[in-house]
Amino acid sequence: MNARDRLLAAFVAVLWGANFLAIHVGLEHFPPLFLAALRFAVIAVPTVLLVPRPQVRLRWLIGYGVGFGTLQFVFLFVAMDIGMPTGLASLVLQASAPFTVLLGALLLRERLSARQAVGIALAVLGLAAIAAVSRAQTAAVLPVLLTLLGALGWAFGNLANRLAAPPNPLHLTLWMSVVPPVPLFAMSWVTEGTASWGAALRAAVTPAGLPGVLALAYTAVLATVVGTGIWTALMRRHPAGVVAPFSLLVPVVGIALAALVLHERPSAVELAAAVVIVGGVLLGTPRAVRAGDHPPEPLARTAASA
């Protein structure tokens with residue numbers, strides 16, 4: 001990978017790490033499920049009008065949209081809305097990587113190497129430490145568990161993405177966004193009510209609501225379209241195992257920005273657990289393959305956006 005592509009990969013990690021800060025701001029202006037629905041609706045409308053439908057089986061397209069787009073963001077946004085720290089959310093969501101490997105082994109019978117098994121064990125150990133600290137400090141383990149469920153939804157989406165085997169991955173990513181708005185709007189209607197929609201939309205057209213609108217635009221355009229577009233291009237130019245480790249910069253950026261902007265201060269145990277988790281994910285990421293080798297495992301095909 002040349003210097004330009006390394007910079008592009010690092011730039012995507014910064015975009016995705018800052019996305020958690022944008023989500024935090026968005027949740028101050030919109031109900032969580034309504035915000036998630038709007039995020040995908042903003043992408044879905046131009047996608048249907050302008051982007052060719054990917055030539056993949058419909059069930060895998062729907063599975064990708066339900067796992068990555070619906071389940072991940074239902075749990076993540078609700079978790080952050082009820083108190084999951086922004087920086088910690090960017091870290092715990094990395095559990096999607098070992099979850100993807102485990103689900104691939106269980107459901108697709110993909111080989112799990114000893115190196116991956118050690119990496120998964122380390123990641124689980126770090127996540128358990130964070131859950132224990134959260135319970136001991138604030139008795140608020142629920143947001144951590146919800147974020148882990150979001151990571152599990154992302155992992156199911158990864159498997160659907162892998163099984164779809166799209167000729168143009170970016171088209172699949174964009175069309176995946178067509179799936180979440182209907183279930184997300186329905187869940188928001190039932191749990192948050194249309195009155196909250198009206199209040200949020202009326203506030204959005206006022207100067208006070210501008211940060212929420214900008215946050216929504218960031219999550220939809222910069223984090224999803226721009227970030228995913230660059231990442232997909234890098235994946236097509238380089239072995240997945242070379243590109244994927246750059247996603248480990250996402251929680252570094254997320255935690256740093258949360259500390260700088262929101263004054264979140266992770267404890268020493270949480271920081272140590274973060275190092276263990278990142279190390280575990282790195283071990284669980286397959287090495288780049290040489291010509292003639294088998295393709296990389298699904299973990300290396302994932303991206304770390306939120």
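Here are some short exercises on this predicted model, each with a worked solution.

**Exercise 1. The overall fold**

Task: Find how many helices and strands the protein has, and what share of its residues is buried.

Solution: Start with the secondary structure. The protein has 14 helices and zero strands. Reading from the N terminus, the elements run α-α-α-α-α-α-α-α-α-α-α-α-α-α. Next, turn to burial: of the 306 residues in the protein, 52% are buried. Finally, look at the contacts between residues at least 6 apart in sequence; 88% of these join residues at least 24 apart.

**Exercise 2. Two packed helices**

Task: Describe how helix 2 and helix 11 pack, and say which residues make the contact.

Solution: A good place to begin is the geometry. Two packed helices are described by the angle between their axes and the distance between the axes. Helix 2 spans residues 32-50 and helix 11 spans residues 210-237. Their axes are 9 Å apart, and the helices pack at an angle of about 50°. Angles under 35 degrees would count as roughly parallel and those from 65 to 115 as roughly perpendicular, so helix 2 and helix 11 are oblique to each other. The crossing in which helix 2 passes helix 11 is right-handed.

Now go down to the residues. Helix 2 brings Leu35, Leu38, Arg39, Val42 and Ile43 to the contact, while helix 11 brings Leu216, Thr219, Ala220 and Thr224. Sorted by class, the contact of helix 2 with helix 11 has six nonpolar, two polar and one charged residues.

**Exercise 3. A threonine from each helix**

Task: Decide whether Thr47 and Thr232 are buried or exposed, and list what each touches beyond four places in sequence.

Solution: Take Thr47 to begin with. This residue lies in helix 2. Its relative accessible area is 2%, and because buried means under 20%, Thr47 is buried. Not counting residues up to four places away in sequence, Thr47 touches Leu174, Trp175 and Val178.

Then take Thr232, which sits in helix 11. With a relative accessible area of 11%, Thr232 is buried too. Leaving aside neighbours within four places in sequence, Thr232 is in contact with Pro169 and Leu170.

**Exercise 4. An aromatic pair and its cluster**

Task: Classify the ring pair of Tyr64 and Phe68, then find which cluster holds these residues.

Solution: The structure holds ten aromatic pairs. In one of them, the rings of Tyr64 and Phe68 are 5.6 Å centre to centre, with 50° between the planes. Stacked planes would be under 30 degrees apart and edge-to-face planes over 60, so this pair is tilted.

Both residues lie in helix 3 (residues 58-81). They are four residues apart, about one turn of the helix. Tyr64 is buried at 6% relative accessibility, and Phe68 is buried with a relative accessible area of 8%.

Widening the view, Tyr64 and Phe68 belong to one aromatic cluster with Phe40, Phe73, Phe77 and Trp154.

**Exercise 5. A glycine in helix 5**

Task: Work out where Gly104 lies, whether Gly104 is buried or exposed, and which residues are in contact with it.

Solution: Gly104 is found in helix 5, which covers residues 96-107. Its relative accessibility is 0%, so Gly104 counts as buried. Outside its neighbours within four places in sequence, Gly104 is in contact with Arg109, Glu110 and Leu159. As a last step, compare sequence with space: Gly104 and Ala155 are 51 residues apart along the chain, and their C-alpha atoms are separated by 9.1 Å.

How values were computed. Residues are numbered from 1 along each chain as its sequence is written. This is a predicted model: local features need pLDDT of at least 70, side-chain atom pairs count only at pLDDT 80 or more; totals for chains, interfaces and linings use all residues. Side-chain values use heavy atoms; hydrogens and water are left out. Axes are lines fitted to C-alpha atoms, for helices over the stretch in contact, and angles run from 0 to 180 degrees between N-to-C directions. Angles under 35 degrees count as roughly parallel, over 145 as roughly antiparallel, 65 to 115 as roughly perpendicular and the rest as oblique. A crossing is left-handed if the near helix is turned anticlockwise from the far one by less than a right angle, and right-handed if clockwise. Contact means heavy atoms within 4.5 Å. Ala, Val, Leu, Ile, Met, Phe, Trp, Tyr, Cys and Pro count as nonpolar, Asp, Glu, Lys and Arg as charged, and the others, Gly among them, as polar. Buried means under 20% relative accessible area, exposed over 50%, partly exposed in between (1.4 Å probe, protein chains only). Rings of Phe, Tyr and Trp (its six-membered ring) pair if their centres lie within 6.5 Å; planes under 30 degrees apart count as stacked, over 60 as edge-to-face and the rest as tilted.
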